[in-house]
Amino acid sequence: MIDMQTAYKVAATAVRQRLAEQHPDDLQILNKIGKDEVAVYSGSFDRVEDILHCLDVPVTMNPDAKKLEAKIIFVNCFGSYHQDLISHLARQVEASKWLVSSDWANGHLMAKAFPNKVQWTWRSTGDEVIAVEPSLNSLWSAVVVLGAEPQWWLETSSHPIEVLNFEKVRIEAASHELLVRYNAPVVAVSFDGGKGHVFHVISHFWCKRSRTPTPRHQAPCTDLLKTGMKLSDERVEKVLHQAGIKPDTLNFAHSQSAATSTELVAQLCVRAVTHQKSVGLKL
């Protein structure tokens with residue numbers, strides 16, 4: 001059994017090395033993020049705060065929604081959200097904040113805060129792993145390897161996404177397997193809300209497992225670091241050294257699953273901070 005905690009530790013180190021080598025300005029923004037700039041609301045199932053911790057991004061847990069200072073707000077999957085929280089978050093997005101949510105927040109929060117954008121299909125998935133096809137220029141495209149799509153774990157009873165307004169909602173990623181099994185191919189969506197932005201994904205950012213359907217997926221994690229994340233040999237060695245692992249400790253599939261969600265969380269944080277700066281300049 002592969003330890004996904006180790007996979008996320010390696011993924012966070014790899015994402016930072018990738019930014020250092022390929023997008024140093026983004027890494028500088030990530031490094032300067034303060035505790036008050038990232039808020040996370042606890043859920044019953046997802047743990048996006050653990051990914052942020054792996055990335056060394058400080059967070060404020062469960063802040064008073066009336067006094068939010070955060071530039072980006074993560075809402076973990078949960079069975080219900082207080083109406084006051086839903087209303088406050090909707091106003092925060094309208095004012096310019098970024099809101100990111102997972103799985104059950106689709107129908108229980110997103111559909112209520114931002115009506116006529118997306119909703120739950122009222123079907124539920126099984127405990128399964130699907131292949132994901134990111135849209136062109138999506139936030140996930142940086143970790144895509146030709147012939148080896150990212151693997152995304154679905155929690156038992158994950159809620160498929162139905163897009164209600166294709167003119168305003170962008171499909172960030174889809175899955176043919178979701179289409180065949182549940183007639184709902186969408187994996188992640190995003191849309192603008194006032195001056196702010198919303199991003200939602202089926203299931204959880206913290207994946208508990210992956211699968212190895214091809215020899216490529218069974219290869220060592222260094223294959224992903226080199227061909228997927230395009231790290232130099234020197235950076236690959238730094239990742240292995242900082243994580244304290246050998247190349248065969250993790251396989252391609254598990255490191256890719258962790259890197260996919262970790263890269264996404266990092267990119268969302270960087271873009272939210274950049275967006276806030278641009279909004280501030282226009283005011």
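Q: What makes two rings an aromatic pair in this predicted model?
A: Rings of Phe, Tyr and Trp pair if their centres lie within 6.5 Å. By this rule the count comes to four aromatic pairs.

Q: Why is the pair of phenylalanine 114 and phenylalanine 191 called edge-to-face?
A: Their centres are 5.7 Å apart, with 70° between the planes. Pairing needs centres within 6.5 Å, and planes over 60 degrees apart count as edge-to-face, so both conditions are met.

Q: What makes this a link between distant parts of the chain?
A: Phenylalanine 114 is in the loop between helix H5 (105–113) and strand E5 (118–120), while phenylalanine 191 is in strand E11; the two are 77 residues apart.

Q: How do you know whether phenylalanine 114 and phenylalanine 191 are buried or exposed?
A: Buried means under 20% relative accessible area. Phenylalanine 114 has 8% and phenylalanine 191 has 2%, so each counts as buried.

Let's turn to the cysteines.

Q: How do you know how many disulfides there are?
A: A disulfide needs two cysteine sulfur atoms within 2.5 Å, and by this rule the count comes to zero. For cysteine 54, the nearest cysteine sulfur is that of cysteine 207, 13 Å away. Cysteine 77 also has the sulfur of cysteine 207 as its nearest, at 13 Å.

Q: Why is cysteine 54 called buried?
A: Its relative accessible area is 18%, and the cut-off is under 20%, so cysteine 54 falls on the buried side. Cysteine 77, at 1%, counts as buried too.

Now for the sheet.

Q: What makes strands E2 and E7 the edges of the open sheet?
A: The eight strands have the order E2-E1-E3-E4-E12-E11-E10-E7, with mixed pairing. Strand E2 (60–61) and strand E7 (133–134) each have a single partner strand, so one side of each is left without a neighbour in the sheet.

Q: Why do E1 and E2 count as paired?
A: Pairing takes at least two bridges, and two join strand E1 (residues 38–41) to E2, so the condition is met. The two strands run parallel, and valine 40 stands opposite methionine 61 in E2.

Finally, a look at one glutamine.

Q: What makes the link between glutamine 151 and histidine 217 a polar contact?
A: Their side chains make this contact at 3.2 Å, and the cut-off is within 3.5 Å, so the distance fits. Glutamine 151 is in strand E8 (residues 151–154) and, with a relative accessible area of 1%, is buried.

Terms used. Residues are numbered from 1 along each chain as its sequence is written. This is a predicted model: local features need pLDDT of at least 70, side-chain atom pairs count only at pLDDT 80 or more; totals for chains, interfaces and linings use all residues. Side-chain values use heavy atoms; hydrogens and water are left out. Buried means under 20% relative accessible area, exposed over 50%, partly exposed in between (1.4 Å probe, protein chains only). Helices (H or I, at least four residues) and strands (E, at least two) are DSSP runs, numbered from the N terminus. A polar contact is a pair of N or O atoms within 3.5 Å; within protein, one must be able to donate a hydrogen and the other to accept it, and residues adjacent in sequence count only if both atoms are side-chain atoms. Rings of Phe, Tyr and Trp (its six-membered ring) pair if their centres lie within 6.5 Å; planes under 30 degrees apart count as stacked, over 60 as edge-to-face and the rest as tilted.
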